[in-house]
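The report below describes a single protein chain, taking one residue as its point of entry and widening from there to the surrounding architecture.

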Amino acid sequence: MAKKQNEKKAKQEPIFIVKPALKHGGLDYLHISLIALVIILIALSFSLSLFKPNSIIRNCQYGVLNNTCIQPKYNSTQAISASGKVLASYLFVNSSLSLLPYYSEPNMANASYLPNLNEWIVNVPYIDPLANNSRFSISFILSGENLSLSNSYLQSINPKLQGNDTVVSLGTVQLSGKVYCQTKPPIPVYYITDPYAPGAFSGLAKAINLSSAYPGKLNLSYDFIFTNYSAKQYSGYGVLQTQAIGNYLFCSASQKKIAQFSANLTKIFDGRPLPNDTLYQTAIGSGLNASSLNACLANSTTSLDYQAKLAAFYNVVSTPQVIVDCRYSTIPETAGYAINYTLKSINS
């Protein structure tokens, strides 16, 4: 009976047969499989260690560089304070920029650190009283080492319309659709101004000096128009008395006496229309021929109308303005640059 039970139990238990992997002994297939599994697990753990993601650094106020938080020498508060000192320095600038210290809003400023350059950029809003109190901003680039000023950038009014004119050189704007008048000197130069515009007579003096600065190279003419500056005088002095100064300036130019007449006129002109008698006596005292002057004044209105059309053709909207060689626009202060550019273009 016991023998039969042992035989029955032996039949129920599974039998595993492990054969050697080689004919003459050695490792069997089971051990080879276990070794292979161990190798795979080691390779997997090694690859996971290689591709382990870097730890994420958070709450770095000035950014991260080389996996570490950036710590600049100065903070944003100190940078904004340094920009306030730069702003105060504009008090000593002899221009409208001297208003910046009084119209800036440092309490609204913001600062950003540029780690790759080790610089601070500080933006300070300001109010422009000359542009209907519009708000703009001025930006300062400060050194990260000592907060000294590296550069500044001033935001201004954006143009409402974009035309086809092009700035081609210092003080030289190429007018779209216009062509050269001459291919060789003397080149025509038109000085265009409203006699009542700010800087009209100082600009006229600069224009007159151009002839001596470029002997034989310029054909200089003077054109006087009446814009909103003159229109402001009409209600108090009337159109005829207001425009009379333009007639006399035109006639003095016709007799090549404009240098003497404008110099004498500057001594008595205060921005308001002068009586006809005063203008006449000044013209005669400047060497103008009386009969030629009277003949010119009788027809000057028609001539000034032609000059107004010339200014309109060149889209002159602000004066004084200078047109060089029928194609370039400039102002009296930079007319020399435009003339040099034109002469160089012709010679080349």
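## A residue and its contacts

In this predicted model, Cys326 touches Lys178, Val179, Cys181, Pro188, Tyr190 and Tyr314, when residues up to four places away in sequence are not counted. Cys326 has its place in the loop between strand S11 (321–324) and strand S12 (328–330). Distance along the chain is a poor guide to this neighbourhood, as the pair Cys326 and Gln182 illustrates: the two are 144 residues apart in sequence, and 8.6 Å separates them in space, C-alpha to C-alpha.

Is Cys326 buried or exposed? Its relative accessibility is 5%, and because residues under 20% are classed as buried, Cys326 counts as buried.

## The hairpin and strand S11

S11 and S12 form a hairpin with 3 residues between them, and Asp325, which lies in the turn, has a positive phi of about 55°. The two strands run antiparallel and are joined by 3 bridges; the bridge partner of Val322 in S12 is Thr330. S11 also pairs with strand S9 (residues 187–193), again antiparallel, through 4 bridges, and here Tyr191 stands opposite Val322.

The side chains of S11 are covered on both faces, with Gln321 and Ile323 buried on one side and Val322 and Val324 buried on the other.

## The six-stranded sheet

S11 and S12 belong to an open sheet of 6 strands, in the order S7-S8-S12-S11-S9-S10 and with mixed pairing. Its edge strands are strand S7 (166–169) and S10, each of which pairs on one side only. From one strand to the next, the twist averages 30°.

At the S7 end of this order, S7 is joined to strand S8 (residues 172–174) by 3 bridges, the two strands running antiparallel, and Ser169 stands opposite Thr172 in S8. Helix H9 (290–313) lies across S9 and S10, and runs at about 105° to S10.

## The four-stranded sheet

A separate description is needed for the open sheet of 4 strands that has the order S3-S4-S5-S6 and antiparallel pairing. The edge strands are strand S3 (110–114) and strand S6 (149–154), each pairing on one side only. Neighbouring strands of this sheet are turned by 20° against each other on average, with direction ignored.

Within this sheet, strand S5 (residues 134–143) and S6 run antiparallel and are joined by 5 bridges, with Ile141 standing opposite Asn151 in S6. Helix H3 (residues 76–89) packs on the sheet and touches S3, strand S4 (119–128), S5 and S6, while its direction makes about 110° with that of S5.

## Helix H7 and its partners

Which residues of helix H7 (residues 258–268) are buried? They include Ile258, Phe261, Ser262 and Leu265. Seen down the axis of H7, the buried residues fall within an arc of 95°, so they line one face of the helix.

The partners of these buried residues are both helical and extended: they pack against helix H5 (200–213), strand S10 (218–224), helix H6 (228–254) and helix H8 (276–285). S10 thus appears in two settings, as a packing partner of the buried residues of H7 and as an edge strand of the six-stranded sheet.

## The largest pocket

The largest pocket holds about 300 Å³ of space. It is lined by 17 residues, of which Leu240, Gln243, Ala244, Asn247 and Thr301 lie nearest its centre.

Which element gives the most to this lining? The answer is H6, with 7 residues; H6 and H9 each supply at least two residues of the lining. H9 is also the helix that lies across S9 and S10, while H6 is among the elements against which the buried residues of H7 pack.

## The chain as a whole

The secondary structure of the chain comes to 10 helices and 12 strands, and buried residues make up 32% of its 348 residues. Among the contacts between residues at least 6 apart in sequence, 58% join residues that are at least 24 apart. The separation of Cys326 and Gln182, at 144 residues in sequence and 8.6 Å in space between C-alpha atoms, gives a single example of positions distant along the chain.

Methods. Residues numbered from 1 in each chain as written. Predicted model: local features only at pLDDT ≥ 70, side-chain atom pairs only at ≥ 80, totals over all residues. Heavy atoms only, no water. Pairing = 2+ DSSP bridges. Axes fitted to C-alpha atoms, helices over the stretch in contact; angles between N-to-C directions. Contact = heavy atoms within 4.5 Å. Buried < 20%, exposed > 50% of the residue type's maximum accessible area, 1.4 Å probe, protein only. Arc of directions from axis to C-beta. 1 Å grid on protein atoms, 1.4 Å probe; cavity = no way out; pocket = protein on both sides within 12 Å on 5 of 7 lines; lining within 4 Å. Points joined across faces, edges and corners; volume = space filled by probe spheres on them.
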